[in-house]
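Colleague: Could you take one part of this structure and go through it closely for someone who works at the bench? Please start from the metal site and then set it in its surroundings.

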Amino acid sequence: MSAITFDHVSKQFGDFTALNDISFRVEEGDFFALLGPNGAGKTTLISILAGLSKASQGHTRVMGYDVSSDYRQARRAVGIVPQELVFDPFFTVRETLRFQSGYFGLKNNGAWIDDILENLGLTSKADANMRTLSGGMKRRVMVAQALVHKPPVIVLDEPTAGVDVELRQTLWAFIRSLNQAGHTIVLTTHYLEEAQTLCNRIAMLKQGRLLALENKEQIMSRGAARTALIKLTTGQWPAALQSLLLRERDNGFEIKLADCNALEHILMTLRQAGLTLKDIEIAQADLEDIFVQMMSA
Amino acid sequence: MTGFYTLFYKEILRFWKVGFQTVAAPILTALMYLLVFSQVLADRVQPLAGVSYTAFLIPGLMMMSMLQNAFANTSSSIIQSKVTGSMVFVLLPPLSHFEFFSAYTLAAIVRGLVVGLGVSLTALIFDMPSLKYPLWILIFALLGCGIMAVLGMIAGIWAEKFDQLAAFQNFLIMPLTFLSGVFYSIHSLPPFWQQVSHFNPVFYMIDGFRYGFFGQSDVNPWLSLSVVGFSLLILAAMAFSLIKSGYKIRR
Ligand SMILES: Nc1ncnc2c1ncn2[C@@H]1O[C@H](COP(=O)(O)OP(=O)(O)O)[C@@H](O)[C@H]1O
Ligand SMILES: [Mg+2]
């Protein structure tokens, strides 16, 4: 059973198609990134998963439960951290979390609430009114609210947008430990390095369509590939390798590198031309380059 | 059950934490009405035989305060959480449609009753209406608050902005409550307006409620009970279907 299944999901707002026939699965235990530029439809897709919005076509399941026909089971299985910073100004942090537990049918959840507060660095604010918290602190409470019922699937919609470095680190350490404990994690983020370091699978969305869905390694080995900056003691770049040359910079030659085996051939050609290597720097393409490349394709 | 109870309790706490505005203020307002109207009119009108005008006015003001506050509780809670976005926190959990409906409604009824009780206690300074049929009093208090709680829920779901809600309140709720016989017996109205009043469900709430105090009323209390009970059923069915369809809440 997959943790999440999107099955030909589409969503129209009037004439506008926000999601166009999206189908994919998130497997149990995945740390999954949903990437895409603003307006791609990430939040809309998550809203459908959460039951906050209804798909125009298609089916969505969480842990096997349909989000509309089996909505109560589906909602028990998922914890959502919405993108917008929202809070109820009437209550303290602890009250907020007690209520959230109660809505999920949990009565004596104090020990787990204390755990979450501790892990998110909220213990000292437990009895503070929500109104008095900073934006970053409110965001932490939203994360805590999504976790009160220990959901097998946790979805975070841009949880670190506009949030301080400290929170990002605390948050990711905690989320990573939850993933290691078996929770499935889905996140959308604009910080691509977060997706790159944390996630094992990545989906890319653009204008409501699914552009790519791959393991991180696959996606990283695609597209832009690697480049190498080769510096020679003296001499010109040999004509035989002219086709690989991207540009000259920093007294060296930047070349395309399809894979590491190609390097052997290059070094041999250089030797045969009587050239001596002074320095070589290989740059791994990062997700950002791939992302930009795919989105502009 | 825990889900329902939590939402109910949260809604109670929500108004109780700002009780100065949600409970004390409406009691004070009712008291002002009572002070002014009973001073001005006490010697001039006697709507029911053997009942002083002040005593007559007390149940009317109680009911008016209860209705307005029951309406205010659901409508303001819903529109506020819709506008600020914090409604997601009750939309994400597995609360059933019925839990959602009944928690908001019952909490609003509680606020209505608390305000009503407050008005009646402070009114004791002025006069003490008799309590002829307490059960009728209780039934009409509950049904009246229930109707307005549900109407407030419908208004809160429908409205997208605070001023739309204010329009609902000023152009529907206020006229209906003022033209229902809070301050007078409809027998003192010209025949045409008496007829019109018979189409106002709030008239039946107040008339039945008053019957519980004095054992006298403009129409038969059983008729009032039927009208009020039927109105509640219709409105509840409407509100329930709005919640079920996710109208303006789940897009
Ligand atoms: N309620 C709505 N009504 C009309 N258009 C909407 C609504 N919600 C989202 N959209 C549109 O759908 C598109 C996708 O939005 P969204 O899912 O928020 O994108 P993302 O989260 O990827 O930035 C956007 O063009 C947005 O304007
Ligand atoms: Mg978004």
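Modeller: What follows begins at the metal site, moves along the chain around it, and ends with a few single residues.

The model is predicted, so local features need pLDDT of at least 70 and side-chain atom pairs count only at pLDDT 80 or more, while totals for chains, interfaces and linings use all residues. Residues are numbered from 1 along each chain as its sequence is written, chains are lettered from A and ligands numbered from 1 in the order in which they are written, and side-chain values use heavy atoms, with hydrogens and water left out.

The magnesium ion (ligand 2) is coordinated by OG1 of Thr43(A) and OE1 of Gln83(A), at 2.0 to 2.1 Å. Donors here are N, O and S atoms within 2.8 Å of the metal (3.2 Å for Na, K and Ca); water is not among the atoms, so the site may look incomplete. The two residues come from distant parts of the chain, 40 residues apart: Thr43(A) sits in helix 1 (residues 42-50) of chain A, and Gln83(A) in the loop between strand 6 (78-81) and helix 3 (93-103) of chain A. Helices (H or I, at least four residues) and strands (E, at least two) are DSSP runs, numbered from the N terminus.

How covered are these two residues? Thr43(A) is partly exposed, with a relative accessible area of 32%, and Gln83(A) is also partly exposed, at 27%. Buried means under 20% relative accessible area, exposed over 50%, and partly exposed in between, with a 1.4 Å probe and protein chains only. Because the cover counted comes from protein chains only, the ion itself does not enter these percentages.

Helix 1 of chain A is mostly covered, as eight of its nine residues are buried. Those eight are Lys42(A), Thr44(A), Leu45(A), Ile46(A), Ser47(A), Ile48(A), Leu49(A) and Ala50(A). Gly51(A) follows helix 1 of chain A and has a positive phi, near 80°.

The loop that supplies Gln83(A), between strand 6 and helix 3 of chain A, also holds Thr92(A). Thr92(A) is buried, at a relative accessible area of 16%. Leaving out residues up to four places away in sequence, Thr92(A) touches Ala126(A), Asp127(A), Ala128(A), Asn129(A) and Met130(A). Contact means heavy atoms within 4.5 Å.

Now the chain that carries the site. Chain A has 10 helices and 14 strands, and its C-alpha atoms fill a box of roughly 80 × 45 × 35 Å along the principal axes. Of its 297 residues, 52% are buried. Among the contacts in chain A with a separation of 6 or more, 70% are between residues 24 or more positions apart. The chain exposes about 13800 Å², with 47% of that supplied by carbon and sulfur atoms; the areas come from the Shrake-Rupley method with a 1.4 Å probe, and for residues only the protein chains shown count as cover.

The domain assignment divides chain A into domain 1 (2-221) and domain 2 (223-296); such bounds come from an automatic or database domain assignment. The centres of the two domains, taken over C-alpha atoms, are 41 Å apart. Their contact takes 15 residues from domain 1 and nine residues from domain 2.

Leu192(A) is found in helix 7 (residues 192-198) of chain A and is buried, with a relative accessible area of 5%. Beyond its neighbours within four places in sequence, Leu192(A) is in contact with Leu35(A), Leu287(A), Glu288(A) and Phe291(A). From Leu192(A) to Asn261(A) the C-alpha distance is 28 Å, with their positions 69 residues apart in sequence.

One more residue in chain A deserves a look for its backbone. Glu158(A) is not a glycine, yet has a positive phi of about 50°. Glu158(A) lies in the loop between strand 7 (153-157) and helix 6 (165-180) of chain A and is buried, at 7% relative accessible area.

Chain B offers two further points. Lys248(B), another residue other than glycine with a positive phi, here near 60°, is in the segment after helix 10 of chain B and is partly exposed at 25%. Pro221(B) is in helix 10 (residues 221-245) of chain B and is buried, at 8%. Trp136(B), Phe140(B) and Tyr211(B) touch Pro221(B), not counting residues up to four places away in sequence. Tyr211(B) is 10 residues from Pro221(B) in sequence and 6.8 Å away in space, C-alpha to C-alpha.
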